[in-house]
Amino acid sequence: ALSSYSGDRAEQYAHLKLEKPVPHGPFGRYDSYTEMVEEMDRAVGRLVAALNALQLREKTLILFIADNGSPQQMIIRADANGQLVKTPVVSLRGGRVIPGGKGTLLNTGTNVPMIANWPGTIESGQVVDDLVDLSDFLPTFAELAGADLPAGRKLDGHSFVPLLKRAGPSSRKFAYSEEAVLPKPGGVEPEGENSGLRWVRTADWKLYSDGRLFDMQNDDREERPLLSKNDSKKQKHARAELTNALESLKL
């Protein structure tokens with residue numbers, strides 16, 4: 001990190017050395033998952049308090065969302081030899097234990113809750129199951145701000161303003177995801193190999209590029225793949241629609 005300093009600043013900090021492994025968190029150790037959630041809750045509380053103080057709360061839409069599911073494991077400490085000790089991460093949802101799925105194409109890695117809060121505009125206590133994708137944020141914010149979208153550019157996103165204002169369903173017909181193996185921070189070579197696996201899904205059905213179909217209402221853990229040779233009439237219809245959706249992407 002000293003390479004980011006120059007001249008006298010680099011010399012000033014050159015004598016500092018961090019112990020190994022480097023501690024994380026305000027307590028000189030790795031935070032627990034519970035502590036990280038509590039800290040996030042505190043940060044959101046500060047944001048809401050500031051908006052209230054500025055009398056901007058009813059003019060502000062707050063969206064809270066994750067970009068992936070919980071990690072499969074988390075670091076809890078380092079032993080005397082500097083080896084990192086990890087433990088599985090699980091969450092509770094409706095009384096069910098949900099394992100972390102970050103880094104996978106499973107539902108536990110790609111399907112996350114989104115909280116939308118806007119006093120005076122969004123009625124509290126609602127649950128909406130329509131599909132929303134992160135690519136939908138740009139057209140949504142543009143519509144709310146009365147701004148024009150980039151001219152001559154085809155966007156994947158669909159505005160979900162109608163969902164927020166209960167004016168109608170989302171125009172999104174399916175969602176898409178693929179496995180992407182990226183370099184480590186600061187690196188150039190991918191870490192691992194890309195399987196090329198991808199999927200498209202609706203709220204009810206999910207089709208992988210290798211032909212596996214899952215009934216997401218009855219098998220959200222994706223434990224019972226449905227193969228085409230055994231498809232029912234309903235499954236055939238879902239498979240055909242999702243196959244067309246995957247082919248329409250022209251990947």
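## Exercises on a four-stranded sheet

The bridge partner of Arg201 is Lys206, in β9. The model is predicted: local features need pLDDT of at least 70 and side-chain atom pairs pLDDT 80 or more, while totals for chains, interfaces and linings use all residues. Residues are numbered from 1 along each chain as its sequence is written, and side-chain values use heavy atoms, without hydrogens and water.

**Exercise 1.** Work out the strand order of the open sheet and find its edges.

*Solution.*
- Start with β8 (residues 198–201) and β9 (residues 205–208), which pair in the antiparallel sense over three bridges. Strands are DSSP runs of E of at least two residues, helices are runs of H or I of at least four, and both are numbered from the N terminus. Two strands pair if DSSP finds at least two bridges between them.
- Next, step to β7: four bridges join β7 to β8, again antiparallel, and Ser177 stands opposite Trp199 in β8.
- The full order is β7-β8-β9-β10, with antiparallel pairing.
- The edge strands are β7 (175–178) and β10 (213–215), as each pairs on one side only.
- From one strand to the next, the twist averages 20°.

**Exercise 2.** Which strands does helix α6 touch, and what does the helix give to the largest nonpolar core?

*Solution.*
- Helix α6 (residues 233–248) packs on the sheet and touches β7, β8, β9 and β10. Contact here means heavy atoms within 4.5 Å.
- The direction of α6 makes about 55° with that of β9. Axes are lines fitted to C-alpha atoms, for helices over the stretch in contact, and angles run from 0 to 180 degrees between N-to-C directions.
- Now list the largest nonpolar core: Val200, Trp205, Leu207, Leu213, Leu226, Ala238, Leu242 and Leu246, eight residues in all. Such a core is a set of buried Ala, Val, Leu, Ile, Met, Phe, Trp, Tyr and Cys residues joined through side-chain atoms within 4.5 Å.
- The elements giving two or more residues to this core are β9 and α6, and α6 supplies the largest share, three residues.

**Exercise 3.** Sort the side chains of β7 into buried and not buried.

*Solution.*
- Ala175 and Ser177 point to one face and are buried. Buried means under 20% relative accessible area, exposed over 50%, and partly exposed in between (1.4 Å probe, protein chains only).
- Tyr176 and Glu178 point to the other face and are not buried.
- In a regular strand the side chains alternate between the two faces of the sheet.

**Exercise 4.** Compare Arg166 with Glu222: which is buried and which is exposed?

*Solution.*
- Begin with the backbone: phi is positive at Arg166, about 55°, and at Glu222, about 60°. Neither Arg166 nor Glu222 is a glycine.
- Most residues other than glycine have a negative phi.
- Place them: Arg166 lies in the loop between α5 (161–164) and β7, and Glu222 in the loop between β10 and α6.
- Arg166 counts as exposed because its relative accessibility is 54%, whereas Glu222, at 9%, counts as buried.

**Exercise 5.** Describe the hairpin made by β4 and β5.

*Solution.*
- Four bridges join β4 (residues 90–93) to β5 (residues 96–99), and the two run antiparallel.
- Val90 has Pro99 in β5 as its bridge partner.
- Two residues lie between the strands, and Gly94 in the turn has a positive phi of about 60°.
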